[in-house]
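This report describes the strands of one protein chain, the turns that link them and the empty space among its atoms.

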Amino acid sequence: MVRNFVKILGRRFILLLLIGTFSKLYGQSDVSEKQKSDFWNKVQFGGGFGLNIGSGFTDITLAPNAIYNLNQYISIGAGLQGSIVSQKDIFSSVIYGINTITLFNPVEEVQLSIELEQVRVNNTFRNPTTGTKKDDFWNTGLFVGGGYRMENVTLGMRYNLLYNKDKMVYTDALMPFVRVYF
């Protein structure tokens, strides 16, 4: 019941976020050229990249994001993510999806965040005696986090409120992060 409530809340949050963004951007028909060009001055691009290779193991992650700075305290954004993980002759996984993020900076050095992600997970397990087993599913993550911000870089921790240890997506609910936006 709680999981269904969070899914419904998450869908409504994304819808409200999109409606609010588009109504704010396109709600006025007499927007001057200065105001139109001001939009791109408030957009920052960034994201994450990860690479871990060694001894038959490969983990490659790419997660581009964009945020729009509503003001000096609040930013909203969205992104894509994808990863490929493989342990030779044992395990392989492909994960891809989308995410939304809201950032709150109560003071310049502190950044609080809430992130909602929806990913497709395609796992393949190989065992010489039992054969190959596939486990494909959708996974929703709702992360709350906090970090120390230094200009365009934030170092911190985030916690997945919907963490499920039985799903092979994340090894733990608590994860460190590094956010970079330009």
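Ile95 stands opposite Val121, a residue of strand E5. The model is a predicted one, and the values below are computed from it. The pair belongs to the ladder between E4 and E5, which are antiparallel and joined by 15 bridges. E4 covers residues 91–107 and E5 covers residues 110–127. Two residues separate E4 from E5, and the two strands form a hairpin.

**Overall layout**

The protein chain contains two helices and eight strands. In sequence order the pattern is α-α-β-β-β-β-β-β-β-β, with both helices ahead of the strands. The chain has 182 residues, and 32% of them count as buried. Of the contacts between residues at least 6 apart in sequence, 46% link residues at least 24 apart. The chain exposes about 11900 Å², and 62% of that area comes from carbon and sulfur atoms.

**Strand pairs and hairpins**

Four antiparallel pairs are set out here, each with its number of bridges.

| Pair | Bridges | Direction |
|---|---|---|
| E1 (residues 43–54) and E2 (residues 57–69) | twelve bridges | antiparallel |
| E2 and E3 (residues 74–87) | eleven bridges | antiparallel |
| E4 and E5 | 15 bridges | antiparallel |
| E5 and E6 (residues 131–150) | 18 bridges | antiparallel |

Strand E2 pairs with E1 and also with E3. On the E1 side, Gly48 stands opposite Ala63 of E2. On the E3 side, Thr61 has Ser83 as its bridge partner. The hairpin of E1 and E2 has two residues between the strands, and Ser55 in this turn has a positive phi of about 45°. Between E2 and E3, which also form a hairpin, there are four residues.

Strand E5 likewise pairs with E4 and with E6. Glu117 stands opposite Gly141 in E6. E5 and E6 form a hairpin with three residues between them.

Ile76 lies in E3. Is this residue buried or exposed? Ile76 counts as buried because its relative accessibility is 12%, under the 20% cut-off. Its C-alpha atom is 8.5 Å from that of Ala66, and the two residues are ten apart in sequence.

**Positive phi in the loops**

Most residues other than glycine have a negative phi. Two loop residues depart from this pattern. Asp89 is not a glycine, yet its phi is positive, about 60°. This residue is found in the loop between E3 and E4. With a relative accessibility of 57%, Asp89 counts as exposed, since the cut-off for that class is over 50%.

Glu151 also has a positive phi, near 55°, and is a residue other than glycine. It lies in the loop between E6 and strand E7 (153–160). At 74% relative accessibility, Glu151 counts as exposed.

**Pocket and cavity**

Rolling a probe the size of a water molecule over the atoms shows where empty space is left. How much space lies in the largest pocket? The largest pocket holds about 1100 Å³. Its lining consists of 37 residues, and those closest to its centre are Thr61, Gln81, Arg158, Tyr170 and Met175. Thr61 is the residue whose bridge partner in E3 is Ser83. Six strands each supply at least two lining residues: E1, E2, E3, E4, E5 and E8 (174–181). By class, the lining divides into 17 nonpolar, twelve polar and eight charged residues.

A closed space is present as well. The search of the whole structure finds one cavity of 30 Å³ or more. The largest cavity has a volume of about 50 Å³. Which residues line the largest cavity? They are Asn139, Thr140, Asn160, Leu162, Tyr163, Asn164, Lys167, Val169 and Tyr170. Four of these lining residues are nonpolar, four are polar and one is charged. Tyr170 lines the largest cavity and is also among the residues closest to the centre of the largest pocket.

Note on methods: Residues numbered from 1 in each chain as written. Predicted model: local features only at pLDDT ≥ 70, side-chain atom pairs only at ≥ 80, totals over all residues. Heavy atoms only, no water. Pairing = 2+ DSSP bridges. Buried < 20%, exposed > 50% of the residue type's maximum accessible area, 1.4 Å probe, protein only. Contact = heavy atoms within 4.5 Å. Areas by Shrake-Rupley, 256 points an atom, 1.4 Å probe, with all protein chains shown as cover. 1 Å grid on protein atoms, 1.4 Å probe; cavity = no way out; pocket = protein on both sides within 12 Å on 5 of 7 lines; lining within 4 Å. Points joined across faces, edges and corners; volume = space filled by probe spheres on them. Nonpolar A, V, L, I, M, F, W, Y, C, P; charged D, E, K, R; others polar.
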